[in-house]
Every structure is written in C-alpha cells, then in structure tokens.
Amino acid sequence: MAHARATTYIGLGSNVGDRAGHIRAARRALESLPATGLIAFSPVYETNPVGPIPQGRYLNAAARLETALPPIELLAHLTAIEHAAGRPPHPQRIPWGPRTLDLDLLLYNQQVITTAELVIPHPRMHERWFVLKPLADI
C-alpha cells in the first residue's frame, strides 16, 4: 500500500574532512531518494560544537522534503547516506563526537513518534540554534 505524502525536515551537519563537500553530497543524495522530492534547502551556517568533546566547528543546514516513504524507511535512507560519507554505524560512534555527516530526521508531518530507533519531533531541536536557524530559513 502506498504511503501518503508527508512533509519532513532534515537537519544536516558536518565537522570532519571536507565539510562543505559532505553537505553538498548529502543534498544530492536527498534529491535522489525514492518517492521523495527536495522542496527547500537552507543556507549553510558555520557553528560551534555542542557537548563535552572538544572538536572542530560544524557546517549545518536543513532540508524540507516531500516524501511517500514512511518515517522508519526514510531514517534507513538517511543512515545509508551517513555511512556513504564515512560515518560509522551507531555501535561504533562516540556520543557527541565529531562526524563526517549527521542527518537528523527532525519533523515528519505533525507526527509524534517514540521508538528505540526514532524520536520525532527531534527531542533537542528546540534547544539548538544550529537546527532552528536553518529551519526558520525554509
């Protein structure tokens, strides 16, 4: 059965390697997702890292998508894009650590989802300027 189209917002961030290249590649990957269209993409902002681990500055952006993918399937695609950029799988990640690419599923229509794999709306987005500013732009 086809899934109804949903408006969803993705947060993007990178602070390792070619940060701008990772954001550009992620944008291209989002544009090529199945049953999905990229509707808007924010400007890219350079921001300070958040959390206890010393690391370099981030480039952050946000994207608005229209998709027929269900949330968990969209999340799987986002995780695959992160892996393609060199980000390790969840068990190998350093919490709050540096990353080649971070793609966060921030909102999916007005749905509230709480599972072990996915929490929507993103639980900390309201505390983060580097998420809210790009979102406000789109």
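**A guided tour from strand 4 to the largest pocket**

Begin by selecting F41 and A63: A63, in strand 4, is the bridge partner of F41. Please keep in mind that the structure on the screen is a predicted model.

Next, select strand 2, residues 36-41, together with strand 4. These two strands pair in the antiparallel sense, and 5 bridges link them. Then add strand 3, residues 45-47, which runs antiparallel to strand 4 and is joined to it by 3 bridges. To see a facing pair of residues here, select Y45 and N60, for N60 in strand 4 stands opposite Y45.

Now turn to strand 1. How many bridges does it form with strand 4? The pairing extends over 9 bridges, again in the antiparallel sense. T8 and L65 offer a place to look, since L65 of strand 4 stands opposite T8.

With its partners displayed, consider strand 4 as a whole. Is it largely enclosed or not? Of its 10 residues, 8 are buried, and therefore strand 4 is largely enclosed by the rest of the structure. Buried here means under 20% relative accessible area.

The next stop is the largest nonpolar core, which has 26 residues. Select I10, L12, L30, L74, I81 and L103, the members that touch the most others in this core. Two or more residues of the core come from each of strand 1, helix 1 (19-31), strand 4, helix 2 and strand 5. Apart from this core lies another one, of 7 residues, including Y9, L106, M125 and F130.

Then centre the view on L12. Leaving aside neighbours within four places in sequence, L12 is in contact with a group of residues that includes I23, A26, L30, F41, A63, D102 and L103. Two of these names, F41 and A63, are the bridge partners with which the tour began.

Finally, move to the largest pocket, which holds about 940 Å³ of space. Of its 38 lining residues, select R99, D102, D104, H122 and R124, which are the closest to the centre of the pocket. The elements that give two or more residues to the lining are strand 1 (6-14), strand 4 (58-67), helix 2 (71-84), strand 5 (102-108) and helix 3 (129-137). Which element supplies the largest share of the lining? Helix 2 does, with 6 residues. If the lining is coloured by class, 20 residues appear as nonpolar, 9 as polar and 9 as charged.

Notes: Residues are numbered from 1 along each chain as its sequence is written. This is a predicted model: local features need pLDDT of at least 70, side-chain atom pairs count only at pLDDT 80 or more; totals for chains, interfaces and linings use all residues. Side-chain values use heavy atoms; hydrogens and water are left out. On a 1 Å grid over the protein atoms alone, a cavity is a set of points where a 1.4 Å probe fits but cannot get out, and a pocket is an open set with protein on both sides within 12 Å along at least five of seven lines; lining residues have an atom within 4 Å of a point. Grid points are joined across faces, edges and corners, and a volume is the space filled by probe spheres set on the points. Helices (H or I, at least four residues) and strands (E, at least two) are DSSP runs, numbered from the N terminus. Ala, Val, Leu, Ile, Met, Phe, Trp, Tyr, Cys and Pro count as nonpolar, Asp, Glu, Lys and Arg as charged, and the others, Gly among them, as polar. Buried means under 20% relative accessible area, exposed over 50%, partly exposed in between (1.4 Å probe, protein chains only). Two strands pair if DSSP finds at least two bridges between them. A nonpolar core is a set of buried Ala, Val, Leu, Ile, Met, Phe, Trp, Tyr and Cys residues joined through side-chain atoms within 4.5 Å. Contact means heavy atoms within 4.5 Å.
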